[in-house]
Amino acid sequence: MADSPLQPSRSRDLDKLLLRPGNLVAPTFVPGVELRDDIQNVARILVVGAGGLGCELLKDLALSGFKNLDVIDMDRIEVTNLNRQFLFRLEDVGKPKAEVAAKRVMERVSGVQIVPHFCRIEEKELTFYNDFHIIVLGLDSIEARSYINSVVCSFLEYDSEDKPQEGTMIPMVDGGTEGFKGHARVIMPGVTPCFECTIWLFPPQVKFPLCTLAETPRTPAHCIEYAHLIKWNEAHGGKAFDPDDPEHMKWVYTEAMKRAELFGIQGVTYTLTQGVVKNIIPAIASTNAVISAACALETLKIVSGCSKTLTNYLTYNGVEGLHIKVTEFVRDQECITCGPGVLIELDTSVTLQKFIDQLEEHPKLFLSRTSVTHQGKNLYMPAPPVLEEMTRSNLSLPLFELMGKVPKDIINVTGMTNQNDKKTSCVRKLRVVFKGMEGVPDTDMAGGA
């Protein structure tokens, strides 16, 4: 329905940014209604996470004119979410966050289309992420950020002078909150520092000595970690603990209560048990709103060029008064994630199986349970069983033949690696060259397998 003469246009505020020139615009900015059409009809945005920050992001992006959105989240709604994840209601408890969040925003903002994906981010094929113009992160996990970062950087291609090719670059806008503190950042793979370039920004997680947990617990957290790290293995014979399984979490809570009563410690609750086991930081709704607004604005600027983007890390602190600061970090030129790729030099006789074995011992990689992809074709997939059976015969074949007998090319590998003493999924880009082939310089290449 068209806006009436007495009703202001819904795009009125957006037009102020898109339909007139300015002094802070990007070099490529050309004002015009075409920009509005691009935002509404062309741009595809993926929001990763539908929690406190994700709910705000979906709302802000929809109200900023973006009509083609996707959201991915593996969690279901819990009662404890309702105080800050405003798209959810009591009757939604137990339902997938992504599906309910998409439904609520589409009900309130006409014309927007949001496709929900209720699954783990690792379950999607890499090509899924390559279909989006921008990926916006609303996550509370370092591991999840690292995985999405590695996926997006695996799409980046470099020219012969090791300069990133703009057409292969998928920008990321990352937001994060922790109580009254938060950050927003813009990641242009190959240009600005990626997540791995600045992994040191995140402090190490708090770890308790096992002797304290077992002998002298003093806090509720000690009791919870005792049940989680020690008692669970004793009672379940090595069965893996699943923090997303309510029955597993209830068991840890019950054992932690027993431990707390034994030592006269007060304060063990189910909510605290979830927080300690899953390393959940209490969230503040107003912080989510501020950081989401910053991320939505950066997304709009990247798509339209109506202003220069953030350079490149914004921090917000609302603990005592209000403090906002922008810091420009420098990209790590040796980063194995956003760089041109790790150089691997091989003989033409090396089989795919031997290549995968070498990746486990490579000083920069240490990959296990490795999947290998070349030009969109799966050379080997260790899971699920159907794909493993389909690709198993490739293991005995020379990698040189599987790659079409080219002297050198890019291969993407997906596997598990150690990060902060924890196994996490990652994607790595490898520049494979074969010894003695025409067109391959006879040089001593670092990182050779």
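This is a short guided tour of the structure above, with suggestions for what to select at each stop.

Before you start, note that this is a predicted model: local features need pLDDT of at least 70, side-chain atom pairs count only at pLDDT 80 or more, and totals for chains, interfaces and linings use all residues. Residues are numbered from 1 along each chain as its sequence is written, and side-chain values use heavy atoms, with hydrogens and water left out.

**Stop 1: strand 6 and its neighbours**

Select residues 181-187, which make up strand 6. Helices (H or I, at least four residues) and strands (E, at least two) are DSSP runs, numbered from the N terminus. Is strand 6 mostly buried or exposed? Six of its seven residues are buried, so the rest of the structure largely encloses strand 6. Here, buried means under 20% relative accessible area, exposed over 50%, and partly exposed in between (1.4 Å probe, protein chains only).

Now add residues 172-178, which form strand 5. Strands 5 and 6 run antiparallel and are joined by seven bridges; two strands pair if DSSP finds at least two bridges between them. To see one partnership, pick Val173 and look across to Val186 in strand 6. Next, look at the turn: strands 5 and 6 form a hairpin with two residues between them, and Gly179 in that turn has a positive phi of about 65°.

Which strand should you add next to strand 6? Try strand 7 (residues 313-317), which runs antiparallel to strand 6 and is joined to it by five bridges. Ala184 has Leu314 in strand 7 as its bridge partner.

As you look along the strands, keep one idea in mind: in a regular strand the side chains alternate between the two faces of the sheet.

**Stop 2: a residue in strand 12**

Jump to Asn412, which sits in strand 12 (residues 408-419). Asn412 counts as buried because its relative accessibility is 16%. Show its surroundings: leaving aside neighbours within four places in sequence, Asn412 is in contact (heavy atoms within 4.5 Å) with residues including Ser154, Thr373 and Arg428.

**Stop 3: charged pairs**

Side chains of opposite charge can pair when their charged atoms come close. In a salt bridge, a side-chain nitrogen of Lys or Arg is within 4 Å of a carboxyl oxygen of Asp or Glu. How many salt bridges does the structure hold? There are 18 salt bridges.

Begin with Asp13, which meets Arg12 in a salt bridge at 3.7 Å, N to O. Asp13 also meets Lys16 in a salt bridge, at 3.8 Å, N to O. Lys16 and Asp13 both lie in helix 1 (residues 12-18), three residues apart, about one turn of the helix. Asp13 is partly exposed, with a relative accessible area of 45%, and Lys16 counts as partly exposed at 44% relative accessibility.

Then select Arg44 and Asp70, whose side chains meet in a salt bridge at 3.3 Å, N to O. This pair links distant parts of the chain: Arg44 is in strand 1 (residues 44-48) and Asp70 is in strand 2, 26 residues apart. Arg44 is partly exposed, with a relative accessible area of 28%, whereas Asp70 is buried, with 5%.

For the last stop, select Asp92, Lys95, Lys103, Arg104 and Glu107 together: salt bridges link these residues in a network.
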